[in-house]
Amino acid sequence: MGLIVSVFVKASPDISQAGRKRVLASQDMFDRERMSKRKEHMTKPKNKKKTVNPTLPKAPTGIQGLDHLTGGGLPRGRPTLVCGSAGCGKTLLAMEFIVRGATQHGEPGVFMAFEETSDELAQNVLSLGFDLNDLIKRKKVVVDFVRIERSEIDETGEYDLEGLFVRLGHAIDSIGAKRVVLDTLEALFSGLLNTAILRAELRRLFRWLKDKGVTAVITGERGEGQLTRHGLEEYVSDCVILLDNRVIDQVTTRRLRIVKYRGTTHGTNEYPFLIDENGISVLPITSLGLEHDVSEERISSGVSRLDTMLGGAGYFRGSSVLVTGTAGTGKTSLAAHFARAACGRGEKCLYFAFEESPGQIVRNMRSIGVNLEPWLKKGLLSFHAMRSTMHGLETHLTTFHKMIQEIQPRVIIFDPIDSMVQAGTLKDATSVLTRLIDFLKVHRITALLTNLVSGGKISESSSVDISSLVDTWLFLRDMELNGERNRALYILKSRGMAHSNQVREFLLTDRGIDLQDVYLGPEGVLTGSARQSQESREKTAALVRRQEIDSKQRERKRKREALEARIVALRKEFEAQEEEMDRLIGQEMTRENTSQEDVERMADRRKADAKPDGVPFRVTRR
Amino acid sequence: MTSPVENVPSKETKSGTSDVEVWELRLYVAGQTPKSLTAFSNLKKLCEAHLAGRYKIEVIDLLKQPQLAAGDQIVALPTLVRKLPEPLRKIVGDLSNTERALVGLQLRPAKWGT
């Protein structure tokens with residue numbers, strides 16, 4: 001006994017150690033996997049770059065999407081011009097370049113501001129989560145505010161901008177800066193009058209910056225007919241980024257375009273970008289192919305009867321489902337069921353609501369027995385409610401992408417998509433939704449889009465023309481009959497699965513959605529109370545039939561019983577008769593025997609020697 | 001390197017006569033370039049002509065003391081800064097246009113300048 005215990009004790013540390021090793025190993029593997037993934041991510045643009053120009057090094061900006069667009073960042077050791085009109089985010093882009101360089105890429109930076117003081121800048125970017133003062137304290141960033149007051153300056157004779165060079169050089173050397181921002185150089189033109197000198201000096205400045213080997217961002221105000229008001233693009237020839245803030249139909253969209261980038265390929269389109277609490281994010285979202293993997297996995301729609309209609313298993317994972325219907329037909333309810341089912345499977349669900357607030361949806365859905373609150377609390381369900389007119393369409397798309405990347409949902413609901421049309425034109429909305437659906441398919445996110453069709457035209461088309469893009473299309477409609485409206489659901493299409501072609505009555509009960517068969521009567525499809533009365537009529541008829549059968553069965557039983565009784569009586573009668581006959585036969589035989597004995601006895605007495613003929617001596621009883 | 005040019009009234013004169021104001025001038029240059037030398041000699045001439053005995057010139061070489069550039073917001077060189085009397089004035093350039101320099105230093109009303 002003691003031996004065993006000691007062996008066990010001896011063995012146990014080994015086991016635990018082995019276990020720990022395994023844990024460590026798995027952790028290591030996890031890390032390695034993550035690293036390799038990151039590397040992959042990092043090398044992707046590099047590879048692209050290598051094929052184009054193996055010698056052009058790039059400085060990553062750290063700005064979401066911009067590095068992807070530029071294939072790795074801004075040209076290292078060269079100046080880049082960022083131009084745009086007032087309020088389009090030039091200073092912010094430049095500041096993010098410096099801050100992210102200092103914090104994420106280990107490259108200290110100098111921010112030379114001509115328009116705002118260091119404190120103002122620090123305050124402005126604090127809302128984006130950048131602690132500029134801390135970076136300055138840690139000698140990662142130098143902010144030099146250059147103020148040129150026209151009113152206190154006079155010019156006499158020859159001069160140069162050596163002062164600026166000295167200041168910049170001093171700032172760069174003091175922290176070993178690799179990045180420089182000049183925001184906005186054009187302030188010089190308003191401060192100093194001799195443009196001939198200025199231009200010569202600017203040319204010298206950019207040369208000098210290149211010689212210094214710093215990656216520079218120069219911002220410039222958009223001018224009439226040219227990129228910048230004072231033609232800075234003339235001096236900065238390596239990379240020019242144009243920012244734009246356009247208002248179309250009272251909705252603004254920020255856009256970014258890389259006008260030129262020498263020695264590398266780059267995205268040439270206008271890309272919408274966002275400025276939010278995480279800074280700038282640019283998303284190159286066009287140019288998506290149709291090469292996504294497809295899934296065989298099926299997921300429940302949240303309504304079991306609907307799953308049955310959809311080939312018995314529900315939607316395909318990663319497919320897009322369009323629910324169109326007139327007002328009040330239960331589109332949101334169907335969406336809520338789908339959301340609940342997703343959360344029930346432990347999947348994250350992201351609900352974009354454009355017309356109702358999250359609280360309102362939760363309350364309304366509770367009334368039909370769908371309680372979304374626990375999932376909200378668990379964090380599986382997240383709402384994102386906004387007015388569609390809040391941003392432009394492209395900004396919406398960018399927001400969607402951002403949210404999707406942040407939350408990583410498996411299921412997404414857009415309720416309703418037609419509000420997108422309000423944020424732009426129909427054509428734009430269709431284009432945005434096409435790209436959105438593509439994006440979702442690539443990421444294998446199952447999407448449910450609801451779409452309101454106006455009551456007047458109950459046609460089999462969605463108001464936003466994406467019906468050909470979606471995989472499954474459910475149609476909800478009102479059926480008005482006998483003075484009442486009832487909801488009906490049918491599947492217009494569902495790619496890749498055998499689906500029911502029947503119309504179902506769509507009932508909203510306090511236990512959720514219920515799908516019922518509809519009745520086809522002489523006047524057409526029967527729903528609602530018409531269906532109910534039809535049902536009760538059928539019930540009555542069935543009852544009558546049953547009663548008839550019952551009575552027939554009873555009659556048959558009765559007849560059988562009567563017949564059987566008669567059979568018994570007859571048998572009894574027969575038995576009685578048989579008995580009587582037996583008795584008579586018995587009597588006859590006794591009599592016969594007695595007479596025989598008498599004859600024999602007589603013959604004995606007479607001493608007869610022969611027995612009389614034909615008379616048996618003995619008669620055997622039967 | 002600061003190299004004050006002591007062409008100032010003696011302390012007693014300054015303290016004795018309160019109506020005499022001392023002009024405190026600062027010339028920013030970067031090294032001994034022709035431009036900075038011209039500026040300095042121009043300034044010298046100008047001061048002797050108009051401010052004899054009541055000026056003080058401080059020459060700051062930014063190549064040696066670059067950290068001083070930010071204090072007076074120096075961008076162009078050479079720059080002459082009139083620290084005193086108030087208000088602060090800046091004149092950029094080599095001061096070759098004497099008339100403009102005088103106007104800039106407010107030693108002569110603008111209407112007198114040609």
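# A tour from a hairpin to the contact between chains

Begin by selecting the hairpin of β20(A) and β21(A), where two residues stand between the strands and A:Asn482 takes a positive phi near 50°. The structure on the screen is a predicted model, in which local features need pLDDT of at least 70 and side-chain atom pairs count only at pLDDT 80 or more, whereas totals for chains, interfaces and linings use all residues. Residues are numbered from 1 along each chain as its sequence is written, while chains are lettered from A and ligands numbered from 1 in the order in which they are written. Helices (H or I, at least four residues) and strands (E, at least two) are DSSP runs numbered from the N terminus, and two strands pair if DSSP finds at least two bridges between them.

**Around the hairpin**

Extend the selection to the whole of β20 (residues 472–481) and β21 (residues 484–494) of chain A, which run antiparallel and are joined by 10 bridges; within this pairing, A:Asp478 stands opposite A:Arg487. Next add strand β22 (residues 504–509) of chain A, which is antiparallel to β21(A) and joined to it by two bridges, with A:Ala488 having A:Glu505 as its bridge partner.

**The nine-stranded sheet of chain A**

Now move to the open sheet of nine strands in chain A, whose order is β5-β4-β7-β8-β3-β9-β10-β11-β12, with mixed pairing. At its edges stand β5 (141–145) and β12 (279–282) of chain A, and because each has a single partner strand, one side of each is left without a neighbour in the sheet. Neighbouring strands here are turned by 20° against each other on average, direction ignored. (Axes are lines fitted to C-alpha atoms, for helices over the stretch in contact, and angles run from 0 to 180 degrees between N-to-C directions.)

Select strands β9 (residues 239–248) and β10 (residues 251–261) of chain A to see an antiparallel pair joined by 10 bridges, in which A:Lys260 is the bridge partner of A:Val240. Helix α6 (residues 162–175) of chain A packs on the sheet, touching β4 (109–113), β5 and β7 (179–183) of chain A, and its direction makes about 160° with that of β5(A). Contact here means that the C-beta atoms of two residues, placed from the backbone, lie within 7 Å.

Strand β8 (residues 215–221) of chain A deserves a selection of its own: is it enclosed or not by the rest of the structure? Seven of its seven residues are buried, so β8(A) is largely enclosed. (A residue is buried if 20 or more other C-beta atoms lie within 10 Å of its own, exposed if 12 or fewer, and partly exposed in between, with C-beta atoms placed from the backbone.) A:Thr215, A:Val217, A:Thr219 and A:Glu221 point one way from this strand, and A:Ala216, A:Ile218 and A:Gly220 the other way. On one flank to display, strand β3 (residues 79–84) of chain A pairs with β8(A) in the parallel sense over six bridges, and A:Leu81 stands opposite A:Ile218. β7(A) also pairs with β8(A) in the parallel sense, over four bridges, and A:Ile218 is there the bridge partner of A:Leu182.

**The cores**

The largest nonpolar core has 98 residues, and those with the most contacts inside it are A:Ile98, A:Val110, A:Phe111, A:Val180, A:Val181 and B:Leu27. Such a core is a set of buried Ala, Val, Leu, Ile, Met, Phe, Trp, Tyr and Cys residues joined through C-beta atoms within 7 Å. Helix α3 (residues 90–104) of chain A gives the most to this core, with seven residues. Apart from it lies another core, of 65 residues, among them A:Met309, A:Cys349, A:Ile417 and A:Ala488.

**Chain B and its contact with chain A**

Finally, colour chain B, which has three helices and five strands and follows the pattern β-α-β-α-β-β-β-α along its sequence. The mean of its pLDDT (the predictor's confidence in each residue, from 0 to 100) is 77, and 76% of its residues reach 70 or more. Residues 8–18 of chain B should be viewed with caution, as pLDDT stays under 50 over them.

The contact takes 30 residues from chain B and 22 residues from chain A. On the side of chain B that touches chain A, the elements that give two or more residues are β5 (89–92) and α3 (98–104) of chain B. Where does β5(B) meet a strand of chain A? Strand β6 (residues 153–155) of chain A runs parallel to β5(B) and is joined to it by three bridges, and B:Ile91 is the bridge partner of A:Asp154. For the complex, the predictor gives an ipTM of 0.81 and a pTM of 0.63.
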